[in-house]
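The exercises below work through a single protein chain, from overall totals down to individual residues. Each begins with a task sentence and continues with a solution in steps.

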Amino acid sequence: MMKLINKATAGILLSISLTMALTACQSNDAKSPEATQNSAEKNTSNEQSKGEGATNANAPSSENSEEKGTEAIKEGSMEKEGNVVLKELAFVYNEHTIAISDTANEDQMEQMLGKPENLKSHTYSADDGTNMDTLIGFTEKVYTYPGLEIKTISIPKGKQDSIFHIEITDPKYATVRNIKAGDSLDTLKNAYPEGKLLGNGAPDEEDDFRYEPSNYVDVMSFHIKDAKVESIQIYSLLD
């Protein structure tokens with residue numbers, strides 16, 4: 001009888017132990033809803049932090065790219081002073097570049113070129129015999145130097161004089177591409193490949209070699225004689 005009681009007691013104790021062990025395992029494997037929510041929020045917060053960290057890490061790179069792009073644009077855009085085409089229609093003397101349409105009064109001309117041998121001034125009028133009705137009220141000045149003549153004109157109402165005609169026969173006055181009176185026709189063609197001879201261009205005959213922009217108003221003309229540049233005219237047609 002005692003053996004049966006002991007066996008029954010042992011069975012009950014074993015059952016209780018197995019039940020407690022199973023309950024402990026279930027408790028460890030299953031989390032409460034609150035714990036699960038807290039864990040999820042924590043993971044989400046960590047992921048967001050990582051995401052924000054990645055965004056911040058990339059932000060300077062993006063900003064740098066924008067800055068580099070702006071710098072590239074600035075470096076690629078070069079501002080040019082004045083009309084580039086008109087600056088080609090010019091000559092150089094004593095480091096002064098003098099171009100068609102440049103403003104130049106008497107003091108400026110003397111500073112750049114010295115005192116002229118002769119200076120003439122004429123204001124156009126209806127009865128001056130020139131029949132230049134479109135220039136009535138305009139004042140033209142002609143500056144004459146050895147081997148150089150420059151004409152300026154000023155519109156009425158006190159506007160500044162501007163250069164509209166230059167004629168060069170002295171080799172000390174060279175164009176901006178370093179062509180001067182006395183240079184060969186071949187040298188001229190190499191310097192101004194855009195230009196062309198107006199006549200047949202025979203080397204032992206006279207001809208004119210013209211360089212002009214597409215506006216057909218501003219012109220550089222080289223008179224050729226004996227296959228050499230005899231004179232250079234740079235001018236702007238007046239309306």
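**Exercise 1. The chain as a whole**

Task: Establish what share of the protein chain is buried, and how far the model can be trusted.

Solution: Of the 239 residues in the protein chain, 26% count as buried, where buried means under 20% relative accessible area, exposed means over 50% and partly exposed lies in between (1.4 Å probe, protein chains only). The model is a predicted one, in which local features need pLDDT of at least 70 and side-chain atom pairs count only at pLDDT 80 or more, whereas totals for chains, interfaces and linings use all residues. Residues are numbered from 1 along each chain as its sequence is written, and side-chain values use heavy atoms, with hydrogens and water left out. The average pLDDT (the predictor's confidence in each residue, from 0 to 100) is 73 for the protein chain, and 59% of the residues score at least 70.

Next, look at the stretches of low confidence. Over residues 1–16 pLDDT stays under 50, and the model has zero contacts there beyond four places in sequence, a contact being heavy atoms within 4.5 Å. Over residues 21–82 pLDDT also stays under 50, with two contacts beyond four places in sequence.

**Exercise 2. The strands and their sheets**

Task: Determine in which order the strands of each open sheet are arranged, and which strands form the edges.

Solution: Begin with the inventory, which comes to five helices and 11 strands; helices (H or I, at least four residues) and strands (E, at least two) are DSSP runs numbered from the N terminus. One open sheet has three strands in the order 2-1-7 with antiparallel pairing, and its edge strands, strand 2 (96–99) and strand 7 (174–175), each pair on one side only. Two strands pair if DSSP finds at least two bridges between them; strand 1 (residues 90–93) is joined to strand 2 by four bridges, and F91 has I98 of strand 2 as its bridge partner.

The other open sheet to consider has eight strands in the order 3-4-5-6-11-10-9-8, again with antiparallel pairing, and strand 3 (118–123) and strand 8 (196–197) are the edge strands, each pairing on one side only. Within this order, six bridges connect strand 5 (residues 148–154) and strand 6 (residues 162–168), with I153 standing opposite S162 of strand 6.

**Exercise 3. Two residues examined**

Task: Decide whether S231 and D183 are buried or exposed, and describe the surroundings of each.

Solution: Take S231, which lies in strand 11 (residues 228–236). Because its relative accessible area is 11%, S231 is classed as buried. Residues up to four places away in sequence being left out, S231 touches I168, T169, S221, F222 and H223. The C-alpha atoms of S231 and G147 are separated by 9.2 Å, although these residues are 84 residues apart along the chain.

Then turn to D183, which is found in the loop between strand 7 and helix 5 (185–191). D183 counts as buried because its relative accessibility is 12%. Apart from neighbours within four places in sequence, D183 is in contact with N178, A227, K228 and V229. Finally, the side chain of D183 reaches the backbone nitrogen of K180 at 2.9 Å.

How values were computed:
Polar contact = N/O pair within 3.5 Å; in protein donor to acceptor, adjacent residues only side chain to side chain.
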